[in-house]
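Here's a quick walk through one protein model, for anyone who'd like to get their bearings before heading back to the bench. Have a look at it first.

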Amino acid sequence: MLESKMQNQKIPLAIDCDPGIDDAWALLLAAAMPEFDVRLLSPVAGNVDYVYTSENLRRLAAWYGLPGKLGRGASQALEISRIDAGDIHGKGGMAGFDLPPTERPFEQAWSWDLLYEEACRAEAEGGLLVLAIGPLTNLALALEKYPDLAAKLRGLVLMGGSAGPGNHGPYAEFNIACDPHAAQLVFESELNLAMVSLDVTHAAALQREEMQALCAIDTPYSPLLKAIASFMPEQAVLHDALAAAYLVNPELISWEEVEIRCECEDDVHLGQTVFSFSGRRFERFTFPPLCERTSRPLHLLSRSVNREAYVGELERRLNALKK
């Protein structure tokens with residue numbers, strides 16, 4: 001009876017992000033995912049400065065109707081100077097679009113404290129799943145402060161890293177490059193994780209005609225999506241949206257079990273993700289509830305994507321938000 005109840009209940013979810021135009025897409029998908037119960041939303045400095053990522057998250061959460069507590073996140077990396085991608089996302093992070101204002105407040109507590117609180121609360125519900133689509137600073141701080149946190153989380157789905165070239169220099173993917181020391185702390189932890197990597201998000205790039213068709217779906221958020229589309233090149237790579245779409249459609253991505261290390265010493269390769277491949281492949285994977293967790297941590301790297309199914313998932317979720 002308990003197993004049947006857990007299969008039917010919503011999965012508790014925390015989202016850590018740095019909005020960001022592709023974060024705006026990912027958060028919109030989260031608003032159209034009734035399979036999940038969003039418990040916590042946390043901003044972190046990344047795509048743009050924290051003053052923008054935090055305000056963007058606050059406004060997006062209110063506009064999209066996303067539930068959950070708004071935690072205060074990290075405004076700088078653990079050890080290195082801040083980098084950003086304002087040239088990709090626009091100065092304020094939203095492709096020049098003015099998000100509707102809101103009075104929705106942040107919690108007084110830090111996001112890493114709230115994450116632990118929500119993880120403890122969700123243990124009896126199969127465990128809290130974390131979607132991290134920005135630098136991993138907040139999560140690293142949580143793992144450092146609460147050594148038992150990894151064992152309380154159902155798993156981590158992250159957008160970051162690359163098994164091929166980077167997009168912040170030749171080696172490093174941007175989210176990991178923003179805080180490589182935080183990434184290494186996460187990779188060294190006992191946390192089960194699935195990495196949606198840059199090489200796979202690029203393989204899922206949308207053609208301009210596909211973006212136009214998605215933007216033509218009449219939702220209250222179409223003006224933002226159209227602004228984002230006009231800000232992007234011919235091929236639109238919605239990195240974070242793929243990670244979010246995977247949550248509701250595990251058929252989208254195939255995986256391989258790996259060991260992951262982040263380069264933190266060599267300045268030339270700083271932020272590069274280095275993998276040891278096991279050869280153990282998964283055509284489909286979802287994190288099981290805590291009661292079914294294995295003793296050793298499982299680290300998975302994305303290996304391929306069903307691009308057509310991904311585009312179809314974006315279309316289905318947007319249609320669910322129609323006016």
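## How far to trust it

pLDDT is the predictor's confidence in each residue, on a scale from 0 to 100. This is a predicted model, and its mean pLDDT is 95, with 98% of residues at 70 or more. The weak spot is residues 1–6, where pLDDT is below 50. That stretch makes three contacts in the model beyond near neighbours in sequence. Where pLDDT is low, the predicted coordinates shouldn't be read in detail.

## Two nonpolar cores

In soluble globular proteins, nonpolar side chains tend to be buried together. Here, the largest nonpolar core takes in 69 residues, and Trp-25 and Tyr-310 have the most contacts inside it. Apart from that one sits another core of 38 residues, including Leu-40, Ala-74, Leu-143 and Leu-156.

What does Tyr-310 touch, leaving aside residues up to four places away in sequence? Its partners are Ala-204, Leu-206, Leu-238, Ala-241, Leu-242, Ala-245 and Leu-252. Of these, Ala-241, Leu-242 and Ala-245 are buried residues of helix 13. In fact, ten of the ten residues of helix 13 are buried, so the rest of the structure largely encloses it.

## The second largest pocket

Helix 13 turns up again here. The second largest pocket holds about 450 Å³ of space, and helix 2 (21–31), helix 4 (86–89), helix 8 (174–178) and helix 13 (239–248) each give two or more residues to its lining. Helix 4 gives the most, with three.

The lining has 24 residues, and those nearest the pocket centre are Ala-85, Ile-88, His-89, Asn-167 and His-239. By type, the lining splits into eleven nonpolar, eight polar and five charged residues. His-239 is also one of the buried residues of helix 13.

## Backbone oddities

A cis peptide bond links Pro-19 to Gly-20, with omega at about -10°. Gly-20 belongs to the loop between strand 1 (11–17) and helix 2.

Ala-95 isn't a glycine, yet has a positive phi of about 55°. You'll find Ala-95 in the loop between helix 4 and helix 5. Is Ala-95 buried or exposed? With a relative accessible area of 13%, Ala-95 is buried, because the cut-off for buried is under 20%.

## A buried serine

Ser-111 is part of helix 5 (residues 111–122). At 2% relative accessibility, Ser-111 counts as buried too. Leaving out residues up to four places away in sequence, Ser-111 touches Leu-40, Ser-42, Gly-71, Arg-72, Gly-73 and Asn-138. One of those partners, Leu-40, is a member of the 38-residue core.

Conventions
Residues numbered from 1 in each chain as written. Predicted model: local features only at pLDDT ≥ 70, side-chain atom pairs only at ≥ 80, totals over all residues. Heavy atoms only, no water. 1 Å grid on protein atoms, 1.4 Å probe; cavity = no way out; pocket = protein on both sides within 12 Å on 5 of 7 lines; lining within 4 Å. Points joined across faces, edges and corners; volume = space filled by probe spheres on them. Helix = DSSP H or I, 4+ residues; strand = E, 2+ residues; numbered from the N terminus. Nonpolar A, V, L, I, M, F, W, Y, C, P; charged D, E, K, R; others polar. Buried < 20%, exposed > 50% of the residue type's maximum accessible area, 1.4 Å probe, protein only. Contact = heavy atoms within 4.5 Å. Core = buried A, V, L, I, M, F, W, Y, C linked by side-chain atoms within 4.5 Å.
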